[in-house]
Amino acid sequence: AKICRRPQDSAFDANHFRREKLIFLSKPSPRWLSTEKLVWDDAGELFDDDFGYVSLTYGKSELQRFFTETLKIPVRPELRHYATAWKNLCLAASPDWQTAERKLKTILPRLADSQNEFSGSDWWRELKPQLRLWTDRRGFLPPARVYVPDHSAAVELFAGRIHIAFPPKPS
């Protein structure tokens, strides 16, 4: 594959960066990634296993425009990234309950606040059947097997008898 030395060259093809692991990141651990696995801003521990954060290595430099405009790396994780992180948690064989709950406390409000933006999207239709709900018994179950209370009194009433969605809705 031919990669030109300068992005302004007419033959520069950003698709090489999408297909191949051509971007080196030194932090938090050294690795090579394709642009599909990158975002510019550090989004914290939620996506550490899923994405590399370009700004940790390249900081506030002129390269930000190259990464975000030329290579089309998103500045922040997109909504589909949050949904994918949720799916990955669901697929884990035996997820650490503390990690799962910490991550879900970030994922669920972000998706809930933006559901009108993605509810009709192709990626959501594809991911939705794979998503499970985390319960008070520290495990994922299909939505049909989980009670989602609308009041804290209902949580108290059914606690220990049925699987209750996490986090339970406050009164």
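Before the first slide, one term: by contact I mean heavy atoms within 4.5 Å of each other. The packing statements that follow rest on that cut-off. The model is a predicted one, and every value in this talk is computed from it.

Let me start with the chain as a whole. The secondary structure comes to eight helices and six strands. Going along the sequence, the order of elements is α-β-β-β-β-α-α-α-α-α-α-β-β-α. There are 171 residues in the protein chain, and 36% of them are buried. The exposed surface of the protein chain is about 10900 Å², with carbon and sulfur atoms supplying 49% of that area. As for contacts, take those between residues at least 6 apart in sequence: 50% of them join residues at least 24 apart.

Now helix α3. Residues F66, F67 and T68 of α3 are buried. What do the buried residues of α3 pack against? Their partners are α1, β1, which is 23-25, and α2, which is 54-58.

The aromatic residues fit in here. The model has eleven aromatic pairs. One of them is F17 with F66, an edge-to-face pair with 6.2 Å from centre to centre and 85° between the planes. F17 belongs to helix α1, residues 15-19, and F66 to helix α3, residues 63-70, so this pair ties together parts that are 49 residues apart in sequence. Are F17 and F66 buried or exposed? Both are buried. The pair also belongs to a wider group: F17, W40, Y58, F66 and F67 make up one aromatic cluster.

Just past the end of α3 comes K72, where phi is positive, about 60°. K72 is not a glycine. This residue sits in the loop between α3 and α4. Its relative accessibility is 57%, so K72 counts as exposed.

Next, helix α5, residues 97-113. With 17 residues at 1.5 Å a residue, α5 should span 24 Å, and its end C-alpha atoms are 24 Å apart, so the two values agree. Where does α5 bend? The bend is at L104, by about 30°. The buried residues in α5 are A100, E101, K103, L104, I107 and L111; L104, the site of the bend, is thus on both lists. The buried residues of α5 pack against two helices, α4 (79-91) and α6 (115-118), and against two strands, β5 (133-134) and β6 (140-141).

Staying with β5 and β6, the loop between them holds R138. R138 has a positive phi of about 60°, and it is not a glycine. At 45% relative accessibility, R138 counts as partly exposed. Which ring does the charged end of R138 sit over? It is the ring of W97, and the distance to the ring centre is 3.4 Å.

Two C-alpha distances involve residues that are well separated along the chain. For the first, N88 is located in helix α4, and with 31% relative accessibility N88 counts as partly exposed. N88 and Q130 are 42 residues apart along the chain, while their C-alpha atoms are separated by 9.5 Å. For the second, D49 lies in the loop between β3 (38-39) and β4 (52-53). D49 counts as exposed, with 67% relative accessibility. From D49 to A85 the sequence separation is 36 residues, and the C-alpha to C-alpha distance is 9.2 Å.

One backbone item remains. Which peptide bond is cis, with omega near 0°? The bond from K27 to P28. P28 lies in the loop between β1 and β2, the latter being 31-33.

To go back over the main items: α3 packs through its buried residues against α1, β1 and α2, with F17 and F66 as an edge-to-face pair. Helix α5 bends by about 30° at L104, and its buried residues pack against α4, α6, β5 and β6. R138, in the loop between β5 and β6, has its charged end over the ring of W97. That is the end of the slides.

Methods: Residues are numbered from 1 along each chain as its sequence is written. This is a predicted model: local features need pLDDT of at least 70, side-chain atom pairs count only at pLDDT 80 or more; totals for chains, interfaces and linings use all residues. Side-chain values use heavy atoms; hydrogens and water are left out. Rings of Phe, Tyr and Trp (its six-membered ring) pair if their centres lie within 6.5 Å; planes under 30 degrees apart count as stacked, over 60 as edge-to-face and the rest as tilted. Helices (H or I, at least four residues) and strands (E, at least two) are DSSP runs, numbered from the N terminus. Buried means under 20% relative accessible area, exposed over 50%, partly exposed in between (1.4 Å probe, protein chains only). A charge sits over a ring if NZ of Lys or CZ of Arg is within 6 Å of the ring centre and within 35 degrees of the ring normal. Accessible areas come from the Shrake-Rupley method with a 1.4 Å probe; for residues, only the protein chains shown count as cover. The expected span of a helix is 1.5 Å times one less than its number of residues. The bend at a residue is the angle between axes fitted to the seven residues ending there and the seven starting there.
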